[in-house]
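Please load the model in a viewer and keep the selection panel at hand. The tour proceeds from one selection to the next.

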Amino acid sequence: MYELARALLFILDPETSHHVTLRALAAARAVGATSILRPDLPDDPVQAMGLKFPNPVGLAAGLDKNAAFIESLSDLGFGSIEVGTVTPRPQAGNPRPRLFRLPRAGALINRLGFNNDGVDALVDRVRATRSPMILGINLGKNADTPIERAANDYALGLAAVYPYAGYVTINVSSPNTRDLRALQGESEFDALLTQLAAERARLSDRHGRRLPIAVKIAPDLADEDLKRIADALVAHGVDAVIATNTTLARDQVADLPGAQQNGGLSGRPLFARSTRVIGVLARHLQGALPIVGVGGISSGADAVEKLRAGASLVQLYTGLVYRGPGLIAECRRAIAAWRKAQASTHPLTPAPLPQGREGKVRG
């Protein structure tokens, strides 16, 4: 059924197709039709970031930038939903066209540029939702905020969403906002995390709750930079690392039409690169904090491979465009089977769970 729907949607340009799909999903939910999309699967819980995820398959940021479709997306069987990226002030993003399909590669290129309605509008929508889903909110900086003041934008976003998020993600790795990836540099990264740690401490005292923070990193970093970033995350009390964002590399798609469009590449060509990053982080961190694996998951076997590399949770986006919501159930089944096999092979060791900064499973 989804293959027919995809054929019709692919007649439209990618960004229009995106909006049509989400509105159709909301309309289906309004008449109770999304129940047929919900997989009939038992929970497969994972503890990470001090949270209990009902299953390890989440929705990556970018699909629902403005938190307008949380309840509709919740019906699809995700263990968590991450909305955004959201900035303190509304912004239009980059000029259209800014989203491109590479169907032969199962890939997308986007240069959207954090187009969103601003954090106040997002908070209003989150407050109105009744979904019990674990909700991540992905934070960015406004395009016209100087890079030396970027931490202020992240702090503003953190304060605005603090009472409503299950966790927040600090996005320093999108290639579509000028100079944003410079925040992954040694001094810039340390200064950003120092300010965010102080802001979280202030907000924790105010709200009586410590909100988990994850940081989403780029796939194009050298191994030594990955290790440096991992050490900084642990030192500053960050709760998880999300690996990875989109890539600027084109080596996997160089011969395809449209491959040289500017922007970040996602989908199948990103899989090996992002999985390698997970492996580097996992070997260096040795369980010091959980890794969320995202990038190129197009099958249940891909999701399992992320966990084999060292991830505790996975997220989907581009694979959904090409495979549809059935990919969620396929990944959940594959991961559950793998975890069961791991537990039976090592009966004294439970299926891998994410660990806290002290190397102990966090409740």
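The stops below cover backbone geometry and salt bridges.

This is a predicted model, in which local features need pLDDT of at least 70, side-chain atom pairs count only at pLDDT 80 or more, and totals for chains, interfaces and linings use all residues. Residues are numbered from 1 along each chain as its sequence is written, and side-chain values use heavy atoms, with hydrogens and water left out.

**Cis peptide bonds**

Select Arg96 and Pro97: a cis peptide bond joins them, with omega about 0°. Pro97 lies in the loop between strand S4 (80–86) and strand S5 (99–102). Helices (H or I, at least four residues) and strands (E, at least two) are DSSP runs, numbered from the N terminus.

Move next to Ala243 and Thr244, whose connecting peptide bond is also cis, with omega near 15°. Thr244 belongs to the loop between strand S10 (240–243) and strand S11 (264–267).

**Positive phi**

Select Ala67, a residue other than glycine with a positive phi near 60°. Its loop runs between strand S3 (57–59) and helix H3 (70–74). Is Ala67 buried or exposed? Ala67 counts as buried, at 4% relative accessibility; buried means under 20% relative accessible area, exposed over 50%, and partly exposed in between (1.4 Å probe, protein chains only).

Asp179, likewise not a glycine, has a positive phi of about 70°. Asp179 sits in the loop between strand S8 (167–171) and helix H6 (186–207) and is partly exposed, with a relative accessible area of 41%.

**Salt bridges**

Keep Asp179 selected and add Arg178: their side chains meet in a salt bridge of 3.5 Å, N to O. A salt bridge is a side-chain nitrogen of Lys or Arg within 4 Å of a carboxyl oxygen of Asp or Glu. Arg178 is exposed, at 69% relative accessible area.

Now display Arg181 and Asp220, which form a salt bridge at 2.8 Å, N to O. This pair links distant parts of the chain, 39 residues apart: Arg181 is in the loop between S8 and H6, and Asp220 in the loop between strand S9 (213–217) and helix H7 (223–235). Arg181 counts as buried, at 18%, whereas Asp220 is partly exposed, at 31%. Elsewhere, salt bridges that share partners join Asp13, Glu15, Arg96 and Arg98 into one network.

To inspect that network, return to Arg96 and add Asp13; the closest N and O atoms of this salt bridge are 3.4 Å apart. The two residues are 83 apart in the chain, with Asp13 in the loop between helix H1 (2–9) and helix H2 (14–30). In total, the structure holds 20 salt bridges.
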